[in-house]
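Open the model in your viewer and keep the selection tool ready. Each stop below names what to select and then says what is there.

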Amino acid sequence: MKNVIGLVNFHSSPDVSPITDSRPLGSTSFLGRYALCDFALSNFCNSGIETVGLLVKDHQRSILKHLGSMDAWVRNTKTSKEIIMYNEPGHERPGINTDLQNIKENDWALYDSNANYIVVAPAHIVAPIDFRPILAEHIARHEKITVIATKVKDKSEEFLSENVLKVSKDGYVLDNYRNPGDEKGPGIMSMAAYVINRTVLADMIHRFLPANPTLDIRTLIYQAAEEGEYQCHVHLYEGYARCFDSFPHYMRYCFELLDPKVSDQLFLPSWPIYTKSHDTPPALYGEKSEVKDSIVANGAVIEGTVKHSIIGRGVKIAKGARVENAIVFSSTRIGENAVIEDALIDKYSMITRSKKVGGTEDVPLYLHQGAIL
């Protein structure tokens, strides 16, 4: 699609401390081999969107390290392109380091492009979204703004960082508010993803941003709707979708994908998820190793026991060690007879012989990057 620009929005991701203390949520490891932003990038690639910008808020080192040459998410290396978009003035003034200011600073997307439509997708929401039918609906209805939303069973348990939408019978936003987290029951939640006519976005930025330089895309869209400038049409997405908005949710959503019935909803045969490739050998399993109900990435060496866990690249688990209900990030060493339970061990850590590390299922332990115990 040469008339569409895709923007992966790292600005809209919530702070999920302690995981995001040294990285943005979008470049956080997921299932041992992916980063969360791989899903938005793959959705754009599979949807035929050839020009993609990455709205980077901070921690760009982590993002650039994961992206590498960025050719993993392009179909046509001659015409496709991916561009890092960074708001340099915002680095000095955090209060105006917003996604809108980022777009304004990198205004090629607004003024140096022949694209008619801009699709914004968050880096922290995992879903296999085909944007082609959404764009077709947007164009056929002559809409100016389309908000992509999903229905949830319990607003107090899901999409805690996003907006609750009240939608009219003809499919337009009547009201919206940030999810307070204490409203039980079903609801319609914004997925922080939008289709916006390029000229409409340029007009809104030109008129609204000077008066309030702290505006973000979410606030601008709904403010323009409330003031009667533009209506926001709602497209209801019905597939698998998870919003990574807290440390417990990160753990829960990773573990639920150990169930093939759940993972089959995310990893569709017709919708590949791409990621940066690593020149690593297959995982190596020792003669006395035992691995059950787990995901083990390439380059791992397992000589102990692993149950209901996710093991990243280059992790080494020694003889007699036991890892259960845990997530272990890349290049971590687990010593002989060590025990890891109900925990997330960040990368480059070292758990020495016979150490016991763990929390509980309800309150999992986080061990910081490079820890030595």
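Start by selecting Lys-65, His-66, His-278, Ser-330 and Lys-347: of the 27 residues that line the largest pocket, these lie nearest its centre. Keep in mind that the model is a predicted one. The volume of this pocket is about 530 Å³.

Next, colour strand 3 (34-35) and helix 2 (60-67), the elements that give two or more residues to the pocket lining. Helix 2 gives the most, with four residues. Which class is most common in the lining, nonpolar, polar or charged? The lining has 16 polar residues, with seven charged and four nonpolar.

Now move to an enclosed space. A probe the size of a water molecule, rolled over the atoms, shows where empty space is left. In this model the count is one cavity of 30 Å³ or more, and the largest cavity holds about 80 Å³ of space. To see its walls, select Phe-39, Ala-40, Asn-43, Ala-121, Pro-122, Ile-125, Ala-127, Ile-129, Phe-131, Met-191 and Ala-193. Helix 1 (37-46), strand 6 (117-122) and strand 11 (187-197) are the elements that each give two or more residues to this lining. Helix 1 gives the most, three residues. By class, ten of the lining residues are nonpolar, one is polar and none is charged.

Keep Phe-131 and Met-191 selected, since both line the cavity and both also belong to the next stop. In soluble globular proteins, nonpolar side chains tend to be buried together. The largest nonpolar core here has 75 residues, and the members that touch the most others are Val-8, Phe-131, Met-191, Tyr-194, Leu-201, Met-204 and Ile-221. Strand 11 gives the most to this core, with eight residues.

Centre the view on Phe-131. What is Phe-131 in contact with, leaving aside its neighbours within four places in sequence? Show Asn-43, Phe-44, Ser-47, Ile-49, Val-119, Ala-121 and Ile-148. For a second, separate core, of 28 residues, select Leu-31, Phe-247, Tyr-250 and Ile-273, which are among its members.

The last stop is a sheet. Strands of a sheet pair through backbone hydrogen bonds, either parallel or antiparallel. Here an open sheet of five strands has the order 14-17-20-22-24, and the pairing is parallel. Select strand 14 (284-285) and strand 24 (350-351) to see its edges, where each strand pairs on one side only. Then select residues 316-317 and 333-334: these are strands 20 and 22, which run parallel and are joined by two bridges. Finish on Lys-316, which stands opposite Arg-333 in strand 22.

Terms used
Residues are numbered from 1 along each chain as its sequence is written. This is a predicted model: local features need pLDDT of at least 70, side-chain atom pairs count only at pLDDT 80 or more; totals for chains, interfaces and linings use all residues. Side-chain values use heavy atoms; hydrogens and water are left out. On a 1 Å grid over the protein atoms alone, a cavity is a set of points where a 1.4 Å probe fits but cannot get out, and a pocket is an open set with protein on both sides within 12 Å along at least five of seven lines; lining residues have an atom within 4 Å of a point. Grid points are joined across faces, edges and corners, and a volume is the space filled by probe spheres set on the points. Ala, Val, Leu, Ile, Met, Phe, Trp, Tyr, Cys and Pro count as nonpolar, Asp, Glu, Lys and Arg as charged, and the others, Gly among them, as polar. A nonpolar core is a set of buried Ala, Val, Leu, Ile, Met, Phe, Trp, Tyr and Cys residues joined through side-chain atoms within 4.5 Å. Buried means under 20% relative accessible area, exposed over 50%, partly exposed in between (1.4 Å probe, protein chains only). Contact means heavy atoms within 4.5 Å. Two strands pair if DSSP finds at least two bridges between them.
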